[in-house]
Amino acid sequence: MSTITTSARSTAPLPVPRSTEWTSRESSGPGAPCEAPAHLRRALDHIFHRSEVCRSEHRAVVEITHSVARAVFEIVAGYRSVSQLAFVMEPSCIAKLQRRALLETAQYTLEPVPGTAHGQILSLHLDRCLSGSWECTAILGFKNRVRAVALKIEPWHGRWQVTDVELI
């Protein structure tokens with residue numbers, strides 16, 4: 001099961017289901033989230049100073065984090081070439097990944113070892129900074145291991161670029 005969470009100190013609004021009507025507790029099962037009416041949501045947004053973040057921006061950051069995180073671990077494992085991320089990462093990040101891949105794998109292999117390929121994203125945590133950049137953490141589960149990657153994603157000439165990467 002994958003989860004996507006947004007930091008409490010983030011200015012990004014929480015995901016809201018499409019329905020904006022009040023749902024009663026009788027119609028929803030036990031433990032099911034009950035959506036607040038629209039006038040209460042607006043009031044809470046005003047009280048907690050939640051600014052509107054373009055949904056396409058949030059979606060783009062989630063997609064980039066998801067794909068780059070998986071690619072980073074495939075690079076470190078030796079299943080993917082570092083040059084494949086050159087379009088989305090700064091050269092300093094590419095160099096950092098090359099050094100890490102050389103430390104963790106003696107040689108690059110073209111095909112993964114059976115049962116260890118690609119891993120699965122277990123959770124994403126996104127935090128929007130005041131500068132407009134995003135700090136993202138992805139946790140991946142492999143066959144016998146769980147690893148995390150932290151990314152800093154910034155807008156750059158009309159697109160998103162990873163400006164820092166840390167492996168844990």
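## Exercises on a loop and a hairpin

In this predicted model, strand E4 (residues 146-156) pairs with strand E5 (residues 159-167) in the antiparallel sense, over eight bridges.

**Exercise 1.** State which residue in E5 stands opposite Ala-150, and how many residues lie between E4 and E5 in their hairpin.

*Solution.* Begin with the pairing: E4 and E5 are antiparallel. Within it, Ala-150 has Glu-166 in E5 opposite. Then take the turn: two residues separate the strands of the hairpin. His-157, in this turn, has a positive phi of about 50°.

**Exercise 2.** Classify Ser-131 and Ser-133 as buried or exposed.

*Solution.* Locate the residues: Ser-131 is in the loop between strand E2 (120-128) and strand E3 (134-141), and Ser-133 is also found in the loop between E2 and E3. Next, apply the cut-offs: buried is under 20% relative accessible area and exposed is over 50%. Ser-131 has a relative accessible area of 63%, so Ser-131 is exposed. Ser-133 has 2% relative accessibility and therefore counts as buried.

**Exercise 3.** Which side chain makes a polar contact with the side chain of Ser-131, and at what distance?

*Solution.* The partner is the side chain of Ser-133, at 3.1 Å. The cut-off for such a pair of N or O atoms is within 3.5 Å.

**Exercise 4.** Find which residues Ser-133 touches, leaving out those up to four places away in sequence.

*Solution.* Ser-133 touches Asp-127 and Arg-128, and also Lys-152, Ile-153, Glu-154 and Pro-155. For Pro-155, a further distance is available: from Ser-131 to Pro-155 the C-alpha separation is 9.9 Å, with their positions 24 residues apart in sequence numbering.

Conventions: Residues are numbered from 1 along each chain as its sequence is written. This is a predicted model: local features need pLDDT of at least 70, side-chain atom pairs count only at pLDDT 80 or more; totals for chains, interfaces and linings use all residues. Side-chain values use heavy atoms; hydrogens and water are left out. Helices (H or I, at least four residues) and strands (E, at least two) are DSSP runs, numbered from the N terminus. Buried means under 20% relative accessible area, exposed over 50%, partly exposed in between (1.4 Å probe, protein chains only). A polar contact is a pair of N or O atoms within 3.5 Å; within protein, one must be able to donate a hydrogen and the other to accept it, and residues adjacent in sequence count only if both atoms are side-chain atoms. Contact means heavy atoms within 4.5 Å. Two strands pair if DSSP finds at least two bridges between them.
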